[in-house]
Amino acid sequence: MFQTASGVYIPFPERIKEEFEVFENRILFNLSFEKMKPVMGAFLEQLTEPLFFVLELPLMQQEEEELRKSESDPFHKKVCYLDGQTKDQIKDILVKYGDLLLHDGMSQFALASHVTGDEIYIQKYKIITIYSKNPTAYITFLEKHGLVQTDNLLTVWNTFTRDTPGSTRRIELDGIDAFDVYDELVKLGMYDAKIVEG
């Protein structure tokens, strides 16, 4: 059965298949949780240095209260970048914090190349997007990892209803959470780039 992260609840995992759909500048896909780390590692090896790491975190309650004027207003997230990295530096981040970030339901993150712009983005509910000027170049890559191409991808978002919503939660591993990861990466040069809806 399709597995997801411990920080994520989806109501109908049996409906989700390991499939991908190709669009003009991206590939959107579902990947069972146990395959996420190896696929990320394999994608990282294909990227052209220098690289950058992106971490997206929900705002703190006080920050949200300043931005949201009513209950119907959207929530926000902080987008942070760590530029000019080598593959070994990104690998070190993944070794130290990859398990936590993959399990965590509140954060999102990406690995990308400054040179080509190619990027793998682990987004909410662990839906994954590869961004590329030439996304079809990654079809064979995904097929090697057992994914099947489709013209009508069903993601977890398509299974949510008012009566059967999904949910996410913050995860702590070895005494730290995603906000602690942010603090550690700031020491390496990570900076806050923008606040966006999300």
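## Lys 77 and its partners

The side chains of Lys 77 and Tyr 121 are joined by a polar contact of 3.4 Å. Keep in mind that this is a predicted model. A second polar contact, of 2.9 Å, links the side chain of Lys 77 to that of Glu 56.

So where does Lys 77 sit? Look for it in strand β5. Is Lys 77 buried or exposed? Its relative accessible area is 12%, and buried means under 20%, so Lys 77 counts as buried. If you skip neighbours within four places in sequence, the residues in contact with Lys 77 include Leu 57, Pro 58, Gln 108, Lys 194 and Val 196. One of these, Pro 58, also stands opposite Lys 77 in the strand pairing.

## Strand β4 and the sheet

Now zoom out to the sheet. It is an open one, built from nine strands in the order β9-β2-β3-β8-β7-β6-β4-β5-β11, with mixed pairing. At the edges you'll find β9 (148–149) and β11, each with a single partner strand, so one side of each has no neighbour in the sheet.

Strand β4 has partners on both β5 and β6. It runs antiparallel to β5, with seven bridges joining the two, and it pairs with β6, again in the antiparallel sense, over six bridges. In that second pairing, Phe 52 stands opposite Ala 112 in β6. How many of the eight residues of β4 are buried? Seven are, so the strand is largely enclosed by the rest of the structure.

Elsewhere in the sheet, β3 (residues 26–29) and β8 (residues 128–131) make an antiparallel pair over four bridges. Here Arg 26 stands opposite Tyr 131 in β8.

## Helices on the sheet

Two helices to look at here are α1 and α5. Helix α1 (residues 36–46) lies across β4, β6 (108–113), β7 (119–122) and β8, and it runs at about 160 degrees to β7. Helix α5 packs on the sheet too, touching β4, β5 and β11, and its direction makes about 140 degrees with that of β4.

Which residues of α5 (178–187) are buried? They are Ala 178, Val 181, Tyr 182 and Leu 185. Looking down the axis of α5, you see these buried residues fall within an arc of 105 degrees, so they line one face of the helix. They pack against β4 (51–58), β5 (76–85), α3 (87–103) and β11 (191–197).

The ends of α5 are worth a look as well. At the N-terminal end, Asp 177 acts as a cap, with a side-chain oxygen 3.0 Å from the backbone nitrogen of Phe 179. After the helix comes Gly 189, whose phi is positive, near 115 degrees.

## The nonpolar cores

In soluble globular proteins, nonpolar side chains tend to be buried together. In this model, the largest nonpolar core has 52 residues, and the ones touching the most other members are Phe 29, Phe 53, Phe 109, Leu 111 and Ile 120. Helix α3 supplies the largest share of this core, seven residues. Apart from it lies another core, of six residues, among them Phe 52, Val 79, Ala 110 and Tyr 121.

What is Phe 109 in contact with, leaving aside its neighbours within four places in sequence? Its contacts include Met 40, Phe 53, Leu 94, Leu 101, Ile 120 and Tyr 121. That brings us back to Tyr 121, the residue that shares a polar contact with Lys 77.

Key:
Residues are numbered from 1 along each chain as its sequence is written. This is a predicted model: local features need pLDDT of at least 70, side-chain atom pairs count only at pLDDT 80 or more; totals for chains, interfaces and linings use all residues. Side-chain values use heavy atoms; hydrogens and water are left out. Buried means under 20% relative accessible area, exposed over 50%, partly exposed in between (1.4 Å probe, protein chains only). The arc is that of the directions from the helix axis to the C-beta atoms. Contact means heavy atoms within 4.5 Å. A polar contact is a pair of N or O atoms within 3.5 Å; within protein, one must be able to donate a hydrogen and the other to accept it, and residues adjacent in sequence count only if both atoms are side-chain atoms. A nonpolar core is a set of buried Ala, Val, Leu, Ile, Met, Phe, Trp, Tyr and Cys residues joined through side-chain atoms within 4.5 Å. Two strands pair if DSSP finds at least two bridges between them. Axes are lines fitted to C-alpha atoms, for helices over the stretch in contact, and angles run from 0 to 180 degrees between N-to-C directions.
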